[in-house]
Amino acid sequence: MKERYPRLEINLAHLKHNVAKVVEKCGSYGIQVAGVIKGATGLVEVAKQFDEGGAAFIASSRLEQIEDAKNAGIEKPMMLIRIPMLSEVEDVIRLADISLNSELEVIKALNEEAKKQGKLHKVILMADMGDLREGFWDKEEMADVCEYIENKLINIQLVGIGTNVGCYGSISPTVETLNELVEIAEHIEARLGRELEYISGGATSSLMRVWDGNIPKRINLLRIGEGILLARDLDVFYGYDMSELYQDVFRLKAEVIEVKDKPSHPVGTIAVDAFGHTPVYVDRGIRRRALLGVGKVDYGDPAELLPMEKGIEVLGASSDHTIIDIQDAEKDWKVGDVMEFDICYATIVYLTNCRNVNIVFV
Ligand SMILES: *Cc1c(COP(=O)(O)O)cnc(C)c1O
């Protein structure tokens, strides 16, 4: 059978290794891992590696992905990590065992629906520690809501609190920030007169505290996606040694559809590109270029394609085409050749969402 391009290769054995390694490292600090599958659009083959690699929960921001994971026979508890929409409450109760929450109105609606479906739904309340995405800013209001759930809502079980950092506000999960989260938890525990089961100290960026061995003792749950799927951010942005993990789980392969020598500066009157922007073009004279049969519609941002071969430069892209400078490449590129790229997190989200992309498990 002819291979179809563009092609996204996913190495399931390497992925499972990464899950197991992160689970083991976190486990040595008494931390459970919620395996976040949204980075790969919840592909069930990916979700299965999180399951088999030992994640305690399968987590996603999207209910369709949780539904797929359940239908694939995964029996781990399912965690919804985006604050539920009021319009999806019925499916939240049907599909998720546990959800992250920040609105009493939603929690009350979850309680009503859980009563209808005869279920006990678990919630973790989110505290905003400064990243300014989801979560209670007013921590007294948060404690009040905890008490309300505890005393008034029969079908909702408050199992813990959590936070998210490093997403909107670029806040780092420092020891101080995580200690503050633990203090909030202990304040709530004092008001409830019991211990909380979970204190969830963030996502991949909080793995820095695990790698450093300075994560506050009471943090016992992390929700990890990127650090397992790609394991690149902590290495590239913070210089952490991620050598125990594979960074090649995902690889993009695209086919060359044209090879020609062309000027490097557009010819004619420059207006706007396909997306209404006016990029700056550097005139480097006549250069050899390859055109690929893959574009922004498939992967998003061409700056996030990292060519495997030296001497290759991604110049730009339109919806369906990617333009590559191959003047300094070692290989003599020809039409029909296949170019390989390492990719970034957002690229994987796009590629796994795109029906034009041939996803192959290796
Ligand atoms: C996406 C997400 C995660 C996982 O983030 P990574 O950086 O990929 O580990 C964890 N928690 C929440 C609330 C998320 O939205």
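Lys-116 is exposed in this predicted model, with a relative accessible area of 69%. The side chain of Lys-116 meets that of Glu-113 in a salt bridge, with an N to O distance of 3.7 Å. Glu-113, in contrast to its exposed partner, counts as buried at 10% relative accessibility. Both residues belong to helix α5, which spans residues 104-117, and their spacing of three residues places them about one helical turn apart. The Glu-113 to Lys-116 pair is one of 31 salt bridges found in a search of the whole structure.

Other salt bridges connect separate elements of the chain. Glu-189 forms a salt bridge with Arg-218, in which the closest N and O atoms are 2.7 Å apart. Because Glu-189 is located in helix α7 (residues 175-192) and Arg-218 in the loop between α8 (207-212) and β9 (221-224), this pair ties together parts that are 29 residues apart in sequence. Glu-189 is buried, at 10% relative accessibility, whereas Arg-218 is partly exposed, with a relative accessible area of 23%. Elsewhere, salt bridges with shared partners join five residues into one network, namely Glu-3, Arg-7, Glu-9, Lys-253 and Glu-340.

A further salt bridge is formed by the side chains of Glu-244 and Lys-25, at a distance of 2.9 Å from N to O. Glu-244 is situated in the loop between α10 (233-238) and β10 (250-263), and Lys-25 in helix α1 (residues 12-27), so the contact ties together parts separated by 219 residues in sequence. Both partners are partly exposed: Glu-244 has a relative accessible area of 36%, and Lys-25 has a relative accessibility of 23%. Lys-25 also takes part in a contact with an aromatic side chain, as the charged end of Lys-25 sits over the ring of Trp-211 at 4.5 Å from the ring centre. Lys-25 is thus involved both in the salt bridge to Glu-244 and in the placement of a charge over the Trp-211 ring. An arrangement of this kind is also found for Lys-331, whose charged end sits over the ring of Trp-333, 4.3 Å from its centre.

Contacts between aromatic rings were examined next. A pair of aromatic rings is described by the distance of the centres and the angle of the planes. The search of the whole structure yields one aromatic pair. This pair consists of Phe-57 and Tyr-198 and is edge-to-face, with 5.7 Å between the centres and 75° between the planes. Since Phe-57 lies in strand β3 (residues 57-60) and Tyr-198 in strand β8 (residues 198-200), the pair ties together parts that are 141 residues apart in sequence. Phe-57 and Tyr-198 are both buried.

The ligand has 14 residues around it, of which Lys-38, Thr-204, Arg-223, Gly-225 and Glu-226 come nearest. Polar contacts to the ligand involve both side-chain and backbone atoms of the protein. Arg-223 places a polar side-chain atom 2.9 Å from a nitrogen atom of the ligand, and Arg-133 places a polar side-chain atom 3.0 Å from an oxygen atom of the ligand. In the case of Glu-226, a polar backbone atom is 2.8 Å from a ligand oxygen atom. The ligand taken alone exposes 380 Å², and the protein buries 89% of that area.

Note on methods:
Residues numbered from 1 in each chain as written. Predicted model: local features only at pLDDT ≥ 70, side-chain atom pairs only at ≥ 80, totals over all residues. Heavy atoms only, no water. Salt bridge = Lys/Arg side-chain N within 4 Å of Asp/Glu carboxyl O. Helix = DSSP H or I, 4+ residues; strand = E, 2+ residues; numbered from the N terminus. Buried < 20%, exposed > 50% of the residue type's maximum accessible area, 1.4 Å probe, protein only. Phe/Tyr/Trp six-rings, centres within 6.5 Å; stacked < 30°, edge-to-face > 60°. Lys NZ or Arg CZ within 6 Å of the ring centre and 35° of its normal. Near = heavy atom within 4 Å. Polar contact = N/O pair within 3.5 Å; in protein donor to acceptor, adjacent residues only side chain to side chain. Areas by Shrake-Rupley, 256 points an atom, 1.4 Å probe, with all protein chains shown as cover.
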